[in-house]
Amino acid sequence: MTITGNFIGGKTSLSASNETIPVYDPATGKVVRELTQSTAEEVEKTIGVAHAAFDDWSRTSPLRRARVLFNFKALMEQHRDELAALIVSEHGKVWSDALGELTRGMEVVEFACGIPHLIKGENSADVATGVDCYSLMQPLGVVTGITPFNFPAMVPLWMFPIALACGNTFVLKPPALDPSASVRMAELLTEAGLPDGVFNVVHCSNQDAEQLYTDPRVQAVSFVGSSGVAEHIYKTASAHGKRVQAFGAAKNHAIVMPDADLEATVNAIMGGAFGSAGERCMALPVVVAVGNDTADKLIAALTPLVRALRVGPGIQKGSEENEMGPVVSAAHQKKVLGYIDKGEEEGAKLVVDGRNFQVPGFAGGYYVGGTLFDNVTPEMVIWREEIFGPVLSIMRAPDYVSALKLVNSHEFGNGSAIFTSNGHTGRDFVREVQAGMVGVNVPVPVPMAFHSFGGWKRSVFGALNVHGPDGVRFYTRMKTATVRWPGGQKTVSEFSMPTLG
């Protein structure tokens, strides 16, 4: 059995504890590899390795750092199918979705390759006689990342390319459910020319991972996961003087107006709700239909499509590819099925039931069929909580104002969308909706890498978002110099606030 190890100081290694945990293929329910489990001491030593590597890497010119990332991007493209196969075998998503994840992640690498321009700082000559003022954007030191199972390559790629480009060293704790893509990317970074110790991957328990946001040598932490854990990490790390960006749960909504293009809207909803089996923080699990006629038309159009979803193993390609794979684990399958049970108990109309879904030849896989609820109301658990599975809820509102009020009343504000052919309505929605990422006739409005990704309310803890300009700000700190060189001019002591004028 293959064991996925740590990647520390430029090489893979197993934990001295000899402890491993199984990694399952969600399509079959069978163990595909083992994962080494590090001790608290090994986590501490990994932080030390990154700390020792920081001085030399931070003094490496931004241009040389960018060249390493250019090489890394080329190697990612060369090994794209290999990485996609790792993602499919451990996460379960379909092949094209795995490739899409890698593409969006590599776009952040492309953005980070522009780091010589992105950290130029500012300059003002002659702010006073013979005095110049300029700013420097300098790296922080050791930074860490703790990432979730739903995007085992893309979410780490949101973080470490920009952190490394800015001159920081990095320690990553990937998810235990699908850890191997992170280790393979670490190997490719070394092949690309990254010095040993600059990027490290360590597998450990959540308890031992606390060092990654409390150790005095760590300057900043990035986290993506549940809101409860995000808030805990934000409070704990902040109390220890760290910078924190911690992204939590989501319950994204789409308002569908009566004037929306029905066919285009239904197709968009299907992909937004059921892509990656709904295991996306930017999934679209709730649709608020304005008017009963709109809702009835949506239900009529969606029902046969949800029933006909091709669900099965993700490894198939081309014309044989399934539209949706399994969910990530047996525990998560049980959780999603429990939400479907709860929705039915609370009185939502179960239009398409994804329970007891079987894929011939894959009885041990963690499958949940596409599920569609109608007449969902705000007091129901399936509206209040993040399901993170292939479950779509239709809610009904009498008018646009009521629909917007419903969307804005939710505790999460990650993303939201509207489907309409009216430009005024779309513009008003962008301005008024309380969400960090907004789509107009776009179901999954994930920003491109040169913009920043982040939500509002309990979907995020911390002031700066991930990648884009905020990512550069997060992984650097500003230093401003005011400089005068002696030129023979007479100076006198000044005891009042210097005005430099």
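Me: Where is Gly 10 found, and which strands flank that spot?
Reply: Gly 10 is in the loop between strand E2 (6-8) and strand E3 (11-13). The labels are DSSP runs numbered from the N terminus (helices are H or I with at least four residues, strands are E with at least two). This is a predicted model, so local features need pLDDT of at least 70 and side-chain atom pairs count only at 80 or more, while totals for chains, interfaces and linings use all residues. Residues are numbered from 1 along each chain as its sequence is written, and side-chain values use heavy atoms, with hydrogens and water left out.

Me: Which residues does Gly 10 touch, leaving out those up to four places away in sequence?
Reply: Thr 190, Asp 196 and Gly 197. They count as touching because contact means heavy atoms within 4.5 Å. Gly 10 and Val 201 are 191 residues apart along the chain, yet their C-alpha atoms are separated by 9.9 Å.

Me: Why are H6 and H7 called roughly parallel?
Reply: Helix H6 (residues 154-165) and helix H7 (residues 180-191) pack at about 25°, with axes 12 Å apart. Axes here are lines fitted to C-alpha atoms over the stretch in contact, and angles run from 0 to 180 degrees between N-to-C directions. The cut-offs are under 35 degrees for roughly parallel, over 145 for roughly antiparallel, 65 to 115 for roughly perpendicular, and oblique for the rest. H6 and H7 are therefore roughly parallel to each other.

Me: What meets what between H6 and H7?
Reply: Pro 156, Leu 157, Phe 160 and Leu 164 come from H6, and Ser 182, Met 185 and Leu 189 come from H7. By class, that contact has six nonpolar residues, one polar and no charged. The nonpolar class is Ala, Val, Leu, Ile, Met, Phe, Trp, Tyr, Cys and Pro, the charged one is Asp, Glu, Lys and Arg, and the others, Gly among them, are polar.

Me: And what makes H3 and H4 oblique?
Reply: Again, the angle. Helix H3 (residues 80-91) and helix H4 (residues 95-112) pack at about 120°, with their axes 9 Å apart. H3 and H4 are therefore oblique to each other. Residues on the H3 side of the contact include Leu 83, Ala 84, Ile 87 and Val 88, and those on the H4 side include Trp 95, Leu 99, Leu 102 and Met 106. The contact of H3 with H4 splits into ten nonpolar, one polar and three charged residues.

Me: How do you know which term fits H4 and H6?
Reply: H4 and H6 pack at an angle of about 10°, with axes 8 Å apart. They are therefore roughly parallel to each other. In their contact, H4 gives residues including Arg 104, Met 106, Val 109 and Phe 111, and H6 gives residues including Met 154, Leu 157, Trp 158 and Ile 162. The classes there come to eleven nonpolar, one polar and two charged.

Me: Now the empty space. What is the volume of the largest pocket, and what makes it a pocket?
Reply: About 1000 Å³ of space lies in the largest pocket. The name applies because, on a 1 Å grid over the protein atoms alone, a pocket is an open set of points with protein on both sides within 12 Å along at least five of seven lines, whereas a cavity holds a 1.4 Å probe that cannot get out. Lining residues have an atom within 4 Å of a point. Points are joined across faces, edges and corners, and the volume is what probe spheres set on them fill.

Me: Which residues lie closest to the centre of the largest pocket?
Reply: Phe 223, Val 224, Gly 225, Ser 226 and Val 229, out of 47 lining residues. Strand E11 (218-224), helix H8 (227-239) and helix H11 (330-345) each give two or more residues to that lining. The lining divides into 27 nonpolar, 13 polar and seven charged.

Me: What about the second largest pocket?
Reply: Its volume is about 320 Å³. Of its 16 lining residues, Met 270, Gly 271, Gly 275, Leu 309 and Glu 323 lie nearest the centre. Helix H9 (residues 262-274) gives the most to this lining, with three residues.

Me: How many cavities of 30 Å³ or more are there?
Reply: Four. The largest cavity holds about 80 Å³, and among its 13 lining residues Ala 250, Arg 280, Ala 283, Pro 285 and Glu 386 lie nearest the centre. The lining of the largest cavity has seven nonpolar, three polar and three charged residues.
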